[in-house]
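Colleague: Before the model is used at the bench, I should like to hear the grounds for the terms applied to it. Please set each value against its criterion.

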Amino acid sequence: MFETVIGLEVHCQLNTKTKIFCSCSTSFGDEANTHVCPVCLGLPGALPVLNKEAVKKAISFGAAINATINKRSMFDRKNYFYPDLPKAYQISQFNIPIVEKGELFINVNNETKKIGITRAHLEEDAGKNTHEDSRSLVDLNRAGTPLLEIVSEPDMRSSDEAVAYLKKLHSILRFLNISDANMQEGSFRCDVNVSIRPKGDEKFYTRVEIKNLNSFRFIQKAIEFEVERQIAAWEDGVYDKEVVQETRLFDTINLTTRSMRSKEDSAEYRYFPDPDLLPLIIPDEVLEECKKIPELPDEKKQRYINELGIKESDAEVLISEYEMALYFEDLIGAGHEPKLCVTWLTVELLGRLKNGATIATSPVNSAKMSELLSKIEDNTISQKAAKEILDELMQNGGNVDDIIDRLGLKQVSDDSSILAAIDEVLAQNGDKVNEYKSGKDKLFGFFVGQVMKAGKGAFNPAKVNELLKQRL
């Protein structure tokens, strides 16, 4: 029996407007090499100037994971040559990072586990290489974008735990609003370090690094394949030959890993303090300001359960995405009943989002949903009619009041109209009236259904129930 040992390195792009050491824009998807300057091009004589906002965002993250925030940290040069790194070194933090010794908690199979976070340090991103036929192109728009590299302890023991950790980390970053953590755009990238050992053995064996994974599914599949590969090598007696310290790539088509290059040790990067940057000293007032962080997902979940009376499973859905929680908070802030909000957000709206649409891109925003809920709560429309209106809003947009009038969905609460329908139904079903009066109480539902049918769904159900009981 073997035990899996997993440690993760996450590169998170901070959502500053400008790069970490210059004033170039961090805008994504623009024409290649349009957001560049002498600093991020690595031209001789250009000097870096640290972006204060990147520092503040790093401190906020440290506060969120109960970490030590070093009031004095250093920037170092990490030396290596690659076409997307014009200076031939990356400015990073090595000996003294801004954040150390943090933690977060995950829940897998109803068990809570603490995962240690070794460090989180600031650094600049490299550019992007694109390979076309026999040539390679370099886009340096991304060079100098501020990154927070978050390094975990090797505390995870399964791919499920690794994915749970990443989802929790992703959620914290979004709720802190320090990164959009968009995996498709590369602003939340993960390197996975995987090794195995016999159950009960405390020794760490050779680990391999799987580079630049950008989806939770691929991360899980890459870990599972690599664990199987290493176990097979051990059992075949070729572990020392087959499992070497190296960087591997993940083939997203065949769901396998393959060797990319031997893995460097830190000494090979020849780290030394960057002579162009002074030590980073964080003033007390900045430290205290940045420690005042917003409500995080776990705290929000407990508040929803304890103060709003929401079921734990529903609270989990509400905090699963930053935009989902914001949407829900908007509805609650407008004064709507919490359980009604939960139903119409997590069941009705989510059930209608298709073709990759999300809460963030939903055609029905929180303001429009609030209008709809108001019409339900004041009995202008029935819940059934509200579903028709939501369908119309999803497909064609429009105004809630206009749709109600156009589709004739306004609920009838007028006593005389409802009583007329009740009297007609009772007159047509005299035998069932007698059965009801002789004790067959279950027939009440039959009468309600017949009256609602006569009203073509426009009658207020509560008023129908009230008047029907009086007549019977």
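Colleague: Which helices and strands supply at least two residues each to the lining of the second largest pocket?

Modeller: In this predicted model, the elements are β6 (99–108), α2 (159–176), α3 (216–235), α6 (297–308), α7 (312–318) and α8 (322–333). Among these, α2 gives the most, with eight residues. The pocket has a volume of about 1,200 Å³. Of its 36 lining residues, Lys 167, Lys 168, Ser 171, Ile 319 and Ser 320 are the closest to the centre.

Colleague: How do you know that the lining of this pocket draws on both domain 1 and domain 2?

Modeller: The domain bounds are 2–286 for domain 1 and 295–407 for domain 2, and the lining takes at least three residues from each. A further part of the chain, 415–471, is assigned to domain 3.

Colleague: What is the division of the lining residues into nonpolar, polar and charged?

Modeller: The lining of the second largest pocket holds 12 nonpolar, 13 polar and 11 charged residues. Lys 167 and Lys 168 are among the residues closest to the centre, and Lys counts as charged.

Colleague: What makes domain 1 and domain 2 partners in a contact, given that 36 Å separate their centres?

Modeller: The 36 Å refers to centres taken over C-alpha atoms, whereas contact is judged on heavy atoms within 4.5 Å. By that criterion, eight residues of domain 1 and 10 residues of domain 2 take part. The two domains bury about 750 Å² between them, with 67% of this area on carbon and sulfur atoms. On the side of domain 1, Lys 168, Arg 174 and Phe 175 supply 72% of the area buried against domain 2, more than any other three residues.

Colleague: Why is the pairing of Arg 174 and Glu 323 called a salt bridge?

Modeller: The criterion asks for a side-chain nitrogen of Lys or Arg within 4 Å of a carboxyl oxygen of Asp or Glu. Arg 174 and Glu 323 have an N to O distance of 2.3 Å, so the pair qualifies under the 4 Å limit. The rule finds two salt bridges across the interface of domain 1 and domain 2, and 31 in the whole structure.

Colleague: Why does the salt bridge of Glu 3 and Arg 157 tie together parts that are far apart in sequence?

Modeller: The closest N and O atoms of Glu 3 and Arg 157 are 3.8 Å apart, which is within the 4 Å cut-off. Glu 3 belongs to strand β1 (residues 2–13) and Arg 157 to the loop between β10 (146–152) and α2, so the bridge joins parts 154 residues apart in sequence.

Colleague: Why is the space lined by Cys 40 and Asp 84, among others, called a cavity?

Modeller: A cavity is a space where a 1.4 Å probe fits but cannot get out, and this one was assigned on that basis. The largest cavity contains about 50 Å³, and the structure holds one cavity of 30 Å³ or more. Its lining also includes Pro 86, Tyr 89, Glu 124 and Gly 144. By class, the lining of the largest cavity has six nonpolar, two polar and four charged residues.

Definitions and conventions
Residues are numbered from 1 along each chain as its sequence is written. This is a predicted model: local features need pLDDT of at least 70, side-chain atom pairs count only at pLDDT 80 or more; totals for chains, interfaces and linings use all residues. Side-chain values use heavy atoms; hydrogens and water are left out. On a 1 Å grid over the protein atoms alone, a cavity is a set of points where a 1.4 Å probe fits but cannot get out, and a pocket is an open set with protein on both sides within 12 Å along at least five of seven lines; lining residues have an atom within 4 Å of a point. Grid points are joined across faces, edges and corners, and a volume is the space filled by probe spheres set on the points. Helices (H or I, at least four residues) and strands (E, at least two) are DSSP runs, numbered from the N terminus. Domain bounds come from an automatic or database domain assignment. Buried area is the accessible area (1.4 Å probe) that two parts lose on being put together, summed over both.
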